[in-house]
Amino acid sequence: MQTNRFDGFCDACSAQVLAGSGSLTGRPGRWRTWCLACSPRPPARGRHDGWHRVPLASLDFETTGIDPLSDRVVSYALLDEPGFEIVGLVNPGVPVPAASAAVHGLTDQMLATAPGSAESIAVVADWVQTLVDREVGLVVFNASYDLTMLRAECRRHGVTEPDWSRLLVVDPFVVDWGIERGGLGRRRLTDVAAYYGVPLEDAHDATADARAARDVAVELAARHAHVGALGLVELMERQRAWYADRAEDWNAYARTRGRDLDDPAAWPLAV
Ligand SMILES: [Zn+2]
């Protein structure tokens, strides 16, 4: 959801909405303008039981770029039970491109004295395995990216991988898509957090992002009973299907524009 850039009329009440004074949802060819009063907002929290009431862990990486197979982790935040957090910087052994440093603020100089990838990735992989052993769900916003990168980093540095087949993942990016079916437009972490009223002041700091992702996950479950009441194993299956739907939806558009296609089977990790 974003601010409307052009004058229009509210989709719900037909009031005139001047540029910049309302919101815009949808996608090219299917844009919808809303006045502030009618802007889409999430339903209220319900009283149902669900995974918003069980302890969830959360993980986020900052990285050298956007390719999970070739880019590297430069910082990590592993949030477990309240008060238990592991955060660290990583010297990736390769230069951090200026464009990536501009996103997260971590430069070669700042990482020069940090532990190397092999040591750091082992910390992350060991912790993820403890979640598998404890059957604690792991929140990762856009898991297909972070977890695919974690697996690639494990293999690159000879680190034992977590048992992926038993890992329970809660991906607010995918769950949100399953609920909204893409109808609310761009849904980066900052967008979804704003929509659910979750504070995120230091976006692109691994700890801030991991916290916000977990808080968003809780809101999704608390405000959408049909999703929140699912068991985590069942939720895994639903997310696989939602991710596939989202990829097909994107691909239909991407084919008309000659853009790169997404693999519908790439959740929670690329095949
Ligand atoms: Zn209106």
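This is a short tour of one protein chain, stop by stop, for you to follow in your viewer. Keep in mind that the model is predicted.

**Stop 1: the whole chain**

Start with everything shown as a cartoon. You'll find nine helices and 10 strands in the protein chain. The radius of gyration is 19 Å, close to the 18 Å that the globule rule gives for 271 residues, so the chain is as compact as a globular protein of that length. Turn the model around: along the principal axes, the C-alpha atoms fill a box of roughly 60 × 45 × 35 Å. Of the 271 residues, 39% count as buried. And if you take the contacts with a separation of 6 or more, 62% of them join residues that are 24 or more positions apart.

**Stop 2: Leu 24**

Select Leu 24, which sits in strand E4 (residues 23–25). Is Leu 24 buried or exposed? Leu 24 has 21 C-beta neighbours inside 10 Å, so it counts as buried. Now colour its contacts, skipping neighbours within four places in sequence: Gln 2, Thr 3, Asn 4, Trp 31, Thr 33 and Gly 185. Try the distance tool too: Cys 35 is 11 residues along the chain from Leu 24, and their C-alpha atoms are separated by 9.1 Å.

**Stop 3: Asp 71**

Next, select the loop between strand E6 (56–63) and strand E7 (73–79), and pick out Asp 71 there. Asp 71 counts as buried because it has 21 C-beta neighbours inside 10 Å. Leaving aside residues within four places in sequence, its contacts are Thr 63, Thr 64, Gly 65, Ile 66 and Met 149. Before moving on, draw a line from Asp 71 to Val 216: they are 145 residues apart in sequence, and 26 Å apart in space from C-alpha to C-alpha.

**Stop 4: helices H3 and H4**

Time for some helix pairs. Two packed helices are described by the angle between their axes and the distance between the axes. Select H3 (residues 117–134) and H4 (residues 143–157): they pack at an angle of about 130°, with their axes 10 Å apart. That angle makes H3 oblique to H4, and H3 passes H4 in a left-handed crossing. Show side chains for Ser 117, Ala 118, Ile 121, Val 124 and Ala 125 of H3, and for Leu 150, Glu 153, Cys 154 and His 157 of H4, since these make the contact. By class, there are six nonpolar, two polar and one charged residues.

**Stop 5: helix H5 and its two partners**

Now select H5 (residues 172–180) together with H7 (residues 206–223); their axes come within 10 Å and cross at roughly 30°. That makes H5 roughly parallel to H7, and the crossing is left-handed. Where do they meet? Look at Pro 172, Val 175 and Asp 176 in H5, against Ala 213, Val 216, Ala 217 and Leu 220 in H7. The classes here are six nonpolar, no polar and one charged.

Keep H5 and swap H7 for H9 (residues 232–257). The axes of H5 and H9 come within 9 Å and cross at roughly 70°, so these two helices are roughly perpendicular to each other. From H5, the contact uses Val 174, Val 175, Trp 177 and Gly 178; from H9, it uses Arg 238, Gln 239, Trp 242, Tyr 243 and Arg 246. This contact divides into five nonpolar, two polar and two charged residues. Last thing to click: Val 175, which is listed in the contact with H7 and in the contact with H9.

How values were computed: Residues are numbered from 1 along each chain as its sequence is written. This is a predicted model: local features need pLDDT of at least 70, side-chain atom pairs count only at pLDDT 80 or more; totals for chains, interfaces and linings use all residues. Helices (H or I, at least four residues) and strands (E, at least two) are DSSP runs, numbered from the N terminus. The radius of gyration is taken over C-alpha atoms; the globule rule is 2.2 Å times the number of residues to the power 0.38. A residue is buried if 20 or more other C-beta atoms lie within 10 Å of its own, exposed if 12 or fewer, and partly exposed in between; C-beta atoms are placed from the backbone. Two residues are in contact if their C-beta atoms, placed from the backbone, lie within 7 Å. Axes are lines fitted to C-alpha atoms, for helices over the stretch in contact, and angles run from 0 to 180 degrees between N-to-C directions. Angles under 35 degrees count as roughly parallel, over 145 as roughly antiparallel, 65 to 115 as roughly perpendicular and the rest as oblique. A crossing is left-handed if the near helix is turned anticlockwise from the far one by less than a right angle, and right-handed if clockwise. Ala, Val, Leu, Ile, Met, Phe, Trp, Tyr, Cys and Pro count as nonpolar, Asp, Glu, Lys and Arg as charged, and the others, Gly among them, as polar.
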